[in-house]
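Let's walk through this fold together, one helix at a time. Keep the viewer open and follow along as we go.

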Amino acid sequence: MDSPTPKQGVVLSSGGADGAYAVGVLKALLSGKSPGTGYLPLDPVAFVGTSIGALNSSFLVSHLDEGPAAVADGLIRLWLEELAENPRQLRNGAFRFRANPLSLLDPRRLALDPLRSVSEFAQDSAVLCREWLMRLRDFATSEAPLEQRAAGLLNFSSFVSSEPLLEIIRRNIDFAKIYSSKVALSIIATDWHRGILETFTNQHLTVEDGPHLVRASAAIPGFFPPVRIGDRIWVDGAVLGYTKLSPAIRAGATVVHLIYVDPDLKAIPDEALDSTLETMYRMFVTGWAARVNQGLEATARINREIDALEKFVQQARLSPQDRDSLFQAVLGPVNVKVTVHRYHPRDDAFGLLGLLNLNRGRLEGLIERGFKDAVEHDCNHSKCILAAPASQ
């Protein structure tokens, strides 16, 4: 009996500007140039995205009907023409610093659009003034210790606006198509008050709420301001999740392409611990790697359990109905074997500050590298999880 055609899913992690690496991997998968897809164009049933992965996956699902080659080219255009730093406009497309006096006094920017520069500075000043008044009020009326009240006066994210990213999301992602798409999309964000992960699917990503949810998934705490939707506040899904395989598997994927950007821990030099920023980076990478490994180990364990149950079914000569009942009782709804192909840069090519570096030349290099890694994908080297076919 022929094995059923594998159903493919894609899981995209966080990584900020380093998410351009995933764009190169996706180009190879969509164009059928990677052994991970058997050199066939990727035909996914599900996408899962966290942080910048939420932006990439939302764009892909909303444009898949244009064909794999066109959607890959469109994603590259989004990064290089919309998100990347624009030398002519002297800004990037993802964020800007509020009330930046250097921008106001820059003759090049004033020459390009003087009204916009002055208007933005005035609006930013009003926002910052209003927030400072609120913080000073809290400082004066709070009964907390002086040190705690003083710490509450400082909020770096107040000086950063992610409105440019919201504009890009609205301009490039068709949420009406996502809502009606047959391809399952899951966006991961962190509930900042309750400290839990939330998964938003096609039905949540409406024209009204979808842009804010994608931006919320990418709201790096401490840098980007959190996103309020209704009475709840959301931040980057990577705070707790980084990557999640389960939504893709629940959507029916039996082959998952996991794309993430953190290096192997051993690739980070010990000298990095001499720097506070690099020490923080290693701390983040350690947590991210642990979450990735937990998901992969759980998948491998389920594969082994299915093999053991299949042997028992054959020895006990159970009927198909009894087999299904047994699998449901032991494994629950996720009771199929899954192959996971891993794509990530194994050396420390990025660093902490790379998360915010949207230099066009750098992004082009990351895209090229991701494409090359996917074209040369080796499951043994990448330590992929390969599910052997079930015995018939």
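A good place to begin is helix 1, where the buried residues are Ala 20, Tyr 21, Ala 22, Val 23, Gly 24, Val 25, Leu 26, Ala 28, Leu 29 and Leu 30. Buried here means under 20% relative accessible area, while exposed means over 50% and partly exposed lies in between, with a 1.4 Å probe and protein chains only. Helices (H or I, at least four residues) and strands (E, at least two) are DSSP runs, numbered from the N terminus. Since 10 of the 11 residues of helix 1 are buried, it is largely enclosed by the rest of the structure. The elements covering those buried residues include strand 1 (8-12), helix 2 (52-63), helix 3, strand 9 (255-259), strand 10 (339-343) and helix 14; contact means heavy atoms within 4.5 Å. Just past the helix, look for Gly 32, which follows helix 1 and has a positive phi, near 70°.

Before going further, a word on the model. It is a predicted one, in which local features need pLDDT of at least 70 and side-chain atom pairs count only at pLDDT 80 or more, while totals for chains, interfaces and linings use all residues. Residues are numbered from 1 along each chain as its sequence is written, and side-chain values use heavy atoms, with hydrogens and water left out.

Now zoom out for a moment. The protein chain has 15 helices and 10 strands, and 46% of its 392 residues count as buried. Among contacts with a separation of 6 or more, 73% are between residues 24 or more positions apart.

Back to the helices. Two packed helices are described by the angle between their axes and the distance between the axes. Axes are lines fitted to C-alpha atoms, for helices over the stretch in contact, and angles run from 0 to 180 degrees between N-to-C directions. How do helix 1 and helix 14 cross? The axes of helix 1 and helix 14 (residues 360-375) come within 6 Å and cross at roughly 40°. Helix 1 and helix 14 are therefore oblique to each other; angles under 35 degrees count as roughly parallel, over 145 as roughly antiparallel, 65 to 115 as roughly perpendicular and the rest as oblique. The crossing of helix 1 past helix 14 is right-handed, meaning that the near helix is turned clockwise from the far one by less than a right angle (anticlockwise would be left-handed). On the helix 1 side the contact includes Ala 20, Tyr 21 and Val 23, and on the helix 14 side it includes Leu 363, Leu 366 and Phe 371. By class, the residues of this contact of helix 1 with helix 14 divide into 11 nonpolar, 2 polar and 3 charged. Ala, Val, Leu, Ile, Met, Phe, Trp, Tyr, Cys and Pro count as nonpolar, Asp, Glu, Lys and Arg as charged, and the others, Gly among them, as polar.

Helix 14 has another partner to look at. The axes of helix 3 and helix 14 come within 9 Å and cross at roughly 160°, which makes helix 3 roughly antiparallel to helix 14. Here Ile 76, Trp 79, Leu 80 and Glu 81 of helix 3 meet Arg 360, Leu 363, Glu 364 and Ile 367 of helix 14. This contact of helix 3 with helix 14 has 5 nonpolar, no polar and 3 charged residues.

Some of these names return in the largest nonpolar core, a set of buried Ala, Val, Leu, Ile, Met, Phe, Trp, Tyr and Cys residues joined through side-chain atoms within 4.5 Å. Of its 61 residues, Leu 26, Leu 55, Leu 75, Trp 79, Ile 259 and Leu 363 touch the most other members. Helix 1 (residues 20-30) gives the most to this core, with 9 residues. Apart from it lies another core, of 18 residues, among them Ala 46, Val 256, Tyr 260 and Leu 296.

Finally, turn to helix 8. The axes of helix 3 (residues 68-83) and helix 8 (residues 163-172) come within 12 Å and cross at roughly 140°, making helix 3 oblique to helix 8. In helix 8, Pro 164, Leu 165, Leu 166, Ile 168, Ile 169 and Asn 172 are buried.
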